[in-house]
Amino acid sequence: MIGNYEKYLAITSCKLGEDHEDVANIFMTIGENHRDTGYIERASYFMNRAVHSCISAFGQIHESLSFLYHNLGQLALLTANDHGRAIVFFEAGLDVELKLEGPDKDNRIAVSLALLGDASILIGKRSTALAYYREGL
């Protein structure tokens with residue numbers, strides 16, 4: 001199945017260039033498939049390519065970018081318990097969402113704050129986690 005996505009990626013990136021949202025979505029799909037089958041390094045490679053494509057296409061602030069950062073954060077939690085790196089990605093996702101959505105705490109911002117809280121618990125920072133959870137309410 002991944003081979004078919006990689007063929008589709010080759011065709012689509014030739015037609016549209018790598019700086020296109022559709023190409024970023026294909027990179028992410030391939031990355032998610034690699035993650036789900038246990039190929040974490042390959043997953044990280046494709047997910048990072050998705051971020052690069054999205055930034056090239058839209059700049060640093062776009063709704064798709066926060067989603068991509070969240071996926072990279074969740075991947076970092078799977079890889080050697082890299083909680084610090086996960087927090088960096090979750091914070092990047094939150095930063096994008098705050099710039100898109102403003103200061104009000106909509107559902108996506110609350111999800112980012114919950115992810116930051118979960119990662120904070122994993123590194124033993126319970127008070128930081130509580131602060132994130134409260135802010136997300």
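**Close-up views of helix packing**

The crossing of α3 and α4 is left-handed. This feature, like those in the views that follow, comes from a predicted model.

**View A. Helix α3 packs against helix α4.** Here we look at α3, residues 40–58, beside α4, residues 63–78. Their axes come within 10 Å and cross at roughly 160°. Angles over 145 degrees count as roughly antiparallel, so α3 is roughly antiparallel to α4. From α3, the contact draws on Ile40, Ala43, Ser44, Met47, Asn48, Ala50, Val51, Cys54 and Ile55, which meet Ser64, Leu65, Leu68, Tyr69, Asn71, Leu72 and Leu75 of α4. Sorted by character, the residues of this contact are twelve nonpolar and four polar, with no charged ones.

**View B. Helix α1 packs against helix α2.** Now step back to α1, residues 2–16, and α2, residues 21–36. The two axes come within 9 Å, with a crossing of roughly 165°. That angle makes α1 roughly antiparallel to α2, and the crossing is left-handed. On the α1 side you will find Ile2, Tyr5, Glu6, Tyr8, Leu9, Thr12, Ser13 and Leu16. Facing them from α2 are Asp22, Val23, Ile26, Phe27, Thr29, Ile30, Asn33 and His34. This contact of α1 with α2 has nine nonpolar, five polar and two charged residues.

**View C. Helix α2 packs against helix α3.** In this view the axes of α2 and α3 lie 7 Å apart, at an angle of about 165°. The pair is therefore roughly antiparallel, and α2 crosses α3 in a left-handed sense. The α2 residues in contact are Glu21, Val23, Ala24, Phe27, Met28, Ile30, Gly31, Glu32, His34 and Arg35. Their partners in α3 are Ile40, Arg42, Ala43, Phe46, Met47, Arg49, Ala50, Ser53, Cys54, Ala57 and Phe58. By class, the contact of α2 with α3 comprises 13 nonpolar, three polar and five charged residues.

**View D. His70 sits in helix α4.** This view centres on His70, a residue of α4. Is His70 buried or exposed? His70 has a relative accessible area of 9%, and because buried means under 20%, His70 counts as buried. Leaving aside neighbours within four places in sequence, His70 is in contact with Phe90, Gly93, Leu94, Glu97, Ser112 and Leu115.

**View E. Helix α7 has a buried face.** Which residues of α7 are buried? They are Ala129, Tyr132 and Gly136. Seen down the helix axis, these buried residues fall within an arc of 60°, so they line one face of α7. Turn to the other side of α7 and you meet Ser127 and Arg134, which are exposed.

**View F. Gly136 belongs to helix α7.** The last view moves in on Gly136, which lies in α7, residues 126–136. Gly136 has a relative accessible area of 18%, and is buried. Not counting residues up to four places away in sequence, Gly136 touches Ala110 and Leu113. For a sense of scale, consider Phe89, 47 residues from Gly136 along the chain. The C-alpha atoms of Gly136 and Phe89 are separated by 17 Å.

Methods. Residues are numbered from 1 along each chain as its sequence is written. This is a predicted model: local features need pLDDT of at least 70, side-chain atom pairs count only at pLDDT 80 or more; totals for chains, interfaces and linings use all residues. Side-chain values use heavy atoms; hydrogens and water are left out. Helices (H or I, at least four residues) and strands (E, at least two) are DSSP runs, numbered from the N terminus. Buried means under 20% relative accessible area, exposed over 50%, partly exposed in between (1.4 Å probe, protein chains only). Contact means heavy atoms within 4.5 Å. Axes are lines fitted to C-alpha atoms, for helices over the stretch in contact, and angles run from 0 to 180 degrees between N-to-C directions. Angles under 35 degrees count as roughly parallel, over 145 as roughly antiparallel, 65 to 115 as roughly perpendicular and the rest as oblique. A crossing is left-handed if the near helix is turned anticlockwise from the far one by less than a right angle, and right-handed if clockwise. Ala, Val, Leu, Ile, Met, Phe, Trp, Tyr, Cys and Pro count as nonpolar, Asp, Glu, Lys and Arg as charged, and the others, Gly among them, as polar. The arc is that of the directions from the helix axis to the C-beta atoms.
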